[in-house]
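Me: I would like a close look at a single part of this model. Please keep the sentences short and work outward from there.

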Amino acid sequence: MQPGTHFAFGTHPQHGFVASSTASIPAHLAHWFLEREQFEPVPDEPGLYRLSEPERDGTRRTRQAVHDLRSHGYTVQADIRVDPMQSAAAARPVRPNGLQERRARLAQAAAGRTTQRATAPTTSLPSARPIPPKPTYAPTVHLTATGTGRSR
């Protein structure tokens, strides 16, 4: 292992995807990081952590853990199978999303002439109701007092 390495990731025949920390990082900090990356301590193996539920996309989750720790500035040594820098390119070919081609087609369509017949916009709709004029006076309401009510 290279000097200054903080974490090591690999595979174990019995525990599956495993990780361990070195003396370059405090044990409690390594424990905190590895638990956040879904690794759990292996009983009777001090300093060894295994990926919880490795059958649930274990390779991708381990690669993600390696990537996350490296992005935090830690030095990580990993097997080829779980190292995203070495194995991600061979995992699957990158398919173009077609965004450039779509934008080019849209720009070409916008620049061309339309085949549809343009109609002039209408200003009044035949089904619109006319707005009644405002009244010139203010209606008044006369309230009548009744003497049959209760007094306060």
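Is F7 buried or exposed, and what is its relative accessible area?

Reply: This is a predicted model. In it, F7 is buried. The relative accessible area of F7 is 0%, and the cut-off for buried is under 20%.

Start with the ring of F7. It pairs with the ring of Y74. The two ring centres are 5.7 Å apart. The planes meet at 85°, and edge-to-face requires over 60, so the pair is edge-to-face. This contact ties together distant parts of the chain. F7 belongs to strand β1, residues 7-12. Y74 sits in the loop between α2 (58-71) and β5 (76-78). The two residues are 67 residues apart. Y74 is also buried, at a relative accessible area of 18%.

A second ring pair is made by W32 and F33. Here the centres are 5.2 Å apart and the planes are at 80°. This pair, too, is edge-to-face. Burial splits the two partners. W32 is partly exposed, with a relative accessible area of 42%, whereas F33 is buried at 11%. F7, W32, F33 and Y74 form one aromatic cluster. The count of aromatic pairs comes to four.

Now the backbone around F7. Strand β1 pairs with β2 (residues 16-21) through six bridges. These two strands run antiparallel. A hairpin of three residues connects β1 to β2. Two of the facing positions can be named. A8 stands opposite S20 in β2. T11 has F17 of β2 as its bridge partner.

Strand β1 also pairs with β5. That pairing is parallel and has three bridges. F7 itself stands opposite V76 in β5. Leaving aside neighbours within four places in sequence, V76 is in contact with F7, F9, V66, L69 and R70.

Step back to the sheet. It is an open sheet of five strands, in the order β3-β4-β2-β1-β5. The pairing is mixed. The edge strands are β3 (39-41) and β5, each of which pairs on one side only. Neighbouring strands are turned by 30° against each other on average, with direction ignored. In a regular strand, side chains alternate between the two faces of the sheet.

The remaining strand pairs can be read off one by one. β2 pairs with β4 in the antiparallel sense, over three bridges. In that pairing, V18 stands opposite R50 in β4. β3 and β4 are antiparallel as well, again with three bridges. There, P41 stands opposite Y49 in β4.

Next, the core. The largest nonpolar core has 18 residues. F7 is among those that touch the most other members. The others in that group are F9, L34, F39, L69, Y74 and V76. So both rings of the F7 and Y74 pair are in this group, as is the strand partner V76. Several elements build this core. β1, β2, α1 (27-36), β4 (48-51), α2 and β5 each supply at least two residues.

Helix α1 deserves its own look. Its buried residues are A30, F33 and L34. They cover an arc of only 95° around the axis, which puts them on the same side of α1. One of them, F33, is also in the aromatic cluster with F7. L34 is in the group with the most core contacts. The buried residues of α1 pack against β1, β2, β3, β4 and α2. The face turned away from this buried side carries the exposed residues H28 and R36. After α1 comes Q38, whose phi is positive, near 70°.

Helix α2 adds a further buried position. T62 lies in this helix. T62 is buried, with a relative accessible area of 0%. Not counting residues up to four places away in sequence, T62 touches F9, F17, F39, L51 and V82. F9 and F39 among these contacts also belong to the group that touches the most other core members. F17 is the bridge partner of T11.

Back to F7, to close. F7 is buried at 0%. Its ring pairs edge-to-face with that of Y74. On the strand side, F7 stands opposite V76 in β5.

Definitions and conventions: Residues numbered from 1 in each chain as written. Heavy atoms only, no water. Phe/Tyr/Trp six-rings, centres within 6.5 Å; stacked < 30°, edge-to-face > 60°. Helix = DSSP H or I, 4+ residues; strand = E, 2+ residues; numbered from the N terminus. Buried < 20%, exposed > 50% of the residue type's maximum accessible area, 1.4 Å probe, protein only. Pairing = 2+ DSSP bridges. Core = buried A, V, L, I, M, F, W, Y, C linked by side-chain atoms within 4.5 Å. Contact = heavy atoms within 4.5 Å. Axes fitted to C-alpha atoms, helices over the stretch in contact; angles between N-to-C directions. Arc of directions from axis to C-beta.
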